[in-house]
Amino acid sequence: MDWQTHCLDEVSMSTPTMGSETVGHLSDEAVPGDEPPAKKRQVSGKSPIQIALGRLRKDKVAMTCFTIVMFFVLIAIFADVLQNLFDVTTEPGNPAQQLNPMNELLPYKGPPSGGFDPEHPFGVAPKTATDNLAVWLAGCRTSLLIASLATLVASIIGITLGLIAGFVGGVVDKAISFVIDFFLTVPFLLMALTLAPIINQRFALKPDLYEKAQLWSLVAILAFFGWMGVARLVRGEVLSLREREFILSARVIGMPTTRIMIKELLPNLVAPIVVAVSLMLPAFIAAEAGLAYLGIGITQGNSWGQTILRASNYYDDYALYFWEPLLGIVILVVALNLLGDAIRDAVDPKTRR
Amino acid sequence: MFAYIVKRLLAGMVVVVLISIAVFALFWYGPESPARPVCESKTGGKCTPERLANFEKSLGYDNPIYEEYGKYAKGVFVGRELTIGTQRIDCDAPCLGYSFKNNTLVWDDLVKRMPATVSVAGGGALLYLLLGIPIGVAAARRRGSLTDKVLVSSFLVVSSVPYYLFALLAWIYCTLVFEIPVLGSSGYTPFTDNPWKWATGLLLPWLCLGLFGCTQYTRYTRGAMVEALSEDYIRTAKAKGLPASTVVYRHGLRSALVPVVTVFGIDLGVLLAGTIFTEKIFEIQGIGLWGLNAVVAKDLQVVAATALFGAVVMVISNLVVDLIYSVLDPRVRLS
């Protein structure tokens with residue numbers, strides 16, 4: 001350090017044309033100890049998570065997205081209450097009274113041609129006369145419920161397998177890595193498409209279980225093909241953490257392996273896991289709606305993807321019907337993605353350059 | 001090197017075999033007999049238990065699963081004779097079975113549909129690179145400027161929209177609503193029939209795939225370029241007096257491209273394995289749409305074939321990526 005300062009001083013002396021800013025900056029850096037002790041700020045202890053949260057709070061985009069996401073989450077939680085409040089149900093309406101058979105079964109009242117109908121703020125669906133708002137609210141709940149459950153299950157599988165593979169190593173690591181590579185090779189969409197109807201069909205004869213079975217089979221499929229990213233990430237982090245002193249010392253004092261994993265390793269993995277999970281959620285929402293759009297997955301109709309599939313023929317005659325679920329997905333997924341990206345930047349500021 | 005390739009190919013074989021067993025078992029242990037859809041379609045929906053039993057017997061579904069899988073696997077390599085009801089069909093190697101829905105041999109269909117999927121995937125993937133890399137380089141060179149910020153944030157938003165909605169909107173508004181000439185006339189015509197129609201028909205699917213996929217490449221290229229341009233050897237190259245373009249492209253981009261190639265290989269594999277959404281939305285009769293329809297119709301042989309095809313493509317593309325990696329980056333040693 002001293003040698004450098006010395007050199008720099010010589011350089012600055014011998015080359016007076018050099019920008020003063022550069023030299024001043026460098027020499028400041030070289031002698032940090034010169035600062036008077038009275039000027040030193042009170043250092044307050046902050047965990048990395050607190051620092052990241054602080055950065056996140058100052059990020060306007062992140063806070064806007066967070067508000068939007070919370071708005072959707074509240075809608076999903078209180079979907080029932082809101083349905084009662086607007087006095088709408090997801091049951092089919094009365095097509096004979098509400099729909100115009102002369103005009104492709106489009107509704108008489110309300111959009112697209114009859115102005116605003118206070119009884120059905122989002123209009124009613126063609127053919128079935130089901131209220132759009134009720135379906136939309138239920139779709140929001142389906143979407144978020146499935147995606148959150150899938151995220152939870154996938155991250156638990158991923159973290160557990162990643163921890164074990166990275167920490168135990170050897171044959172176990174090889175086996176788990178092979179499984180990870182195997183699942184990455186499986187064509188996800190095709191397998192999901194094959195699996196969903198098979199699982200659903202098993203419960204088709206038990207109507208009381210059917211809806212629950214559909215939901216859980218979707219969660220299982222999404223989680224089953226979505227855990228590899230987290231597992232790989234965690235494994236990689238653990239591989240480097242394993243060699244650090246605090247882990248070695250924990251081993252030396254005879255801490256059991258599971259305890260090392262949970263108490264020593266896991267807290268150090270919170271940041272990358274939070275980032276991975278926050279980007280997993282929008283991916284699952286998009287995947288759920290995508291499967292529903294392909295006609296497989298939630299087939300009861302209370303899913304945004306399913307509504308888009310049915311509405312895509314009405315893009316012209318009844319654009320509102322088509323755009324309602326579409327905007328729901330797009331806004332929610334974009335907000336979640338941007339939030340996830342902001343979280344990544346907040347946790348690791350090096351990513352934004 | 002040779003030993004490495006052999007080792008990887010063997011591991012790939014294991015993956016492919018496991019996937020085909022998985023699909024086979026899924027249908028076998030599914031809630032209904034795999035012979036039922038065949039029986040329903042052959043008897044016009046009047047599938048009685050006796051008829052079903054007959055079909056099960058002739059299709060071999062009353063044998064143990066491993067025996068049938070053995071026959072299936074053998075058929076892939078040496079061919080076999082298939083019996084469906086009273087029909088007898090010679091199925092030469094590589095025999096992937098017989099589609100009861102289309103009344104065709106699965107392998108013939110696969111070959112027939114491959115050009116469409118390869119066209120869609122190839123064009124889309126080419127646009128990933130043609131759009132993604134130059135934009136990424138441009139953004140990295142103007143790092144911190146307004147152009148960079150606008151590019152990065154707008155691409156972030158675009159890539160956040162689910163792809164199938166992006167493609168659906170493009171199709172609806174370019175083809176159906178505004179009927180934009182050339183761009184709007186989407187649909188697949190074989191290249192050998194009419195190259196001009198082939199290109200114009202696929203233009204919109206390509207643009208959708210390309211515009212959507214290139215955002216990721218822009219991000220990778222930009223990140224890698226920013227890192228590369230701050231290296232010492234770039235400063236050396238600049239100090240030597242090399243022209244800016246040589247510094248950026250010959251020195252900077254070469255090292256920045258290494259991670260991009262990895263992602264590209266995997267993406268190309270995913271696309272070739274089946275562009276399901278693109279084919280469904282633009283109604284292109286490729287492998288993805290074929291697989292999707294087969295799933296709906298419960299056409300076991302076709303589903304198994306598409307899964308097998310997808311797995312083979314993925315295994316090969318992963319291997320090729322690793323080989324190219326070692327050429328691009330001399331520090332990487334394969335072992």
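How many salt bridges does the rule find across the interface of chain B and chain A? Just one. Keep in mind as you click around that this is a predicted model.

**Stop 1: the salt bridge across the interface**

Select Arg219(B) and Asp341(A). These two form a salt bridge, with their closest N and O atoms 3.6 Å apart. Now add Arg344(A) to the selection: salt bridges that share partners tie Asp341(A), Arg344(A) and Arg219(B) into one network.

**Stop 2: the whole interface**

Zoom out and colour by chain. The contact draws on 47 residues of chain B and 38 residues of chain A. About 3700 Å² is buried between the two chains, and carbon and sulfur atoms give 78% of that. For polar links, the rule finds four residue pairs in polar contact across the interface, with both residues at pLDDT 80 or more.

Next, highlight the helices of chain B that each supply at least two residues to the side touching chain A: α1 (2-28), α6 (146-160), α7 (163-177), α8 (195-229), α11 (276-282), α12 (287-297) and α13 (300-328). Colour that side of chain B by residue type and you get 34 nonpolar, six polar and seven charged.

**Stop 3: two helices of chain A**

Go to residues 319-347 of chain A, which make up helix α16. This helix has 29 residues and reaches 41 Å from first C-alpha to last, close to the 42 Å expected at 1.5 Å a residue. Turn on the surroundings: 22 of the 29 residues of α16(A) are buried, so the helix is largely enclosed by the rest of the structure.

Now pick residues 304-311 of chain A, helix α15, where six of the eight residues are buried. Show side chains for the buried set: Trp304(A), Gly305(A), Gln306(A), Thr307(A), Ile308(A) and Ala311(A). What do these buried residues pack against? In chain A, the partners are α4 (60-77), α7 (132-168), α14 (270-293) and α16, and chain B joins in with its own α7.

**Stop 4: Gln83(A)**

Select Gln83(A), in helix α5 (residues 79-86) of chain A. Is Gln83(A) buried or exposed? Its relative accessible area is 14%, so it counts as buried. Draw a distance from its side chain to the backbone of Ala134(A): a polar side-chain atom of Gln83(A) lies 3.1 Å from the backbone oxygen there. Leaving out residues up to four places away in sequence, Gln83(A) touches Val88(A), Thr90(A), Ala134(A), Leu137(A) and Ala138(A).

**Stop 5: salt bridges within the chains**

Searching the whole structure over all chains turns up ten salt bridges. In chain A, try Arg242(A) and Glu243(A), whose side chains meet at 3.4 Å, N to O.

Then jump to chain B and select Glu68(B) and Lys71(B), a salt bridge at 2.9 Å, N to O. Both sit in helix α4 (residues 65-78) of chain B, three residues apart, or about one turn of the helix. Residues three or four places apart in an α-helix point the same way, because there are 3.6 residues a turn. Glu68(B) is buried at 4% relative accessible area, whereas Lys71(B) is partly exposed at 37%.

Finish with Asp109(B) and Lys112(B), whose closest N and O atoms are 3.8 Å apart in another salt bridge. They are three residues apart in helix α5 (residues 106-141) of chain B, again about one helical turn. Asp109(B) is buried at 6%, while Lys112(B) counts as exposed at 60%.

Terms used
Residues numbered from 1 in each chain as written. Chains lettered and ligands numbered in written order. Predicted model: local features only at pLDDT ≥ 70, side-chain atom pairs only at ≥ 80, totals over all residues. Heavy atoms only, no water. Contact = heavy atoms within 4.5 Å. Buried area = accessible area lost by both parts, 1.4 Å probe. Salt bridge = Lys/Arg side-chain N within 4 Å of Asp/Glu carboxyl O. Polar contact = N/O pair within 3.5 Å; in protein donor to acceptor, adjacent residues only side chain to side chain. Helix = DSSP H or I, 4+ residues; strand = E, 2+ residues; numbered from the N terminus. Nonpolar A, V, L, I, M, F, W, Y, C, P; charged D, E, K, R; others polar. Expected span 1.5 Å × (residues − 1). Buried < 20%, exposed > 50% of the residue type's maximum accessible area, 1.4 Å probe, protein only.
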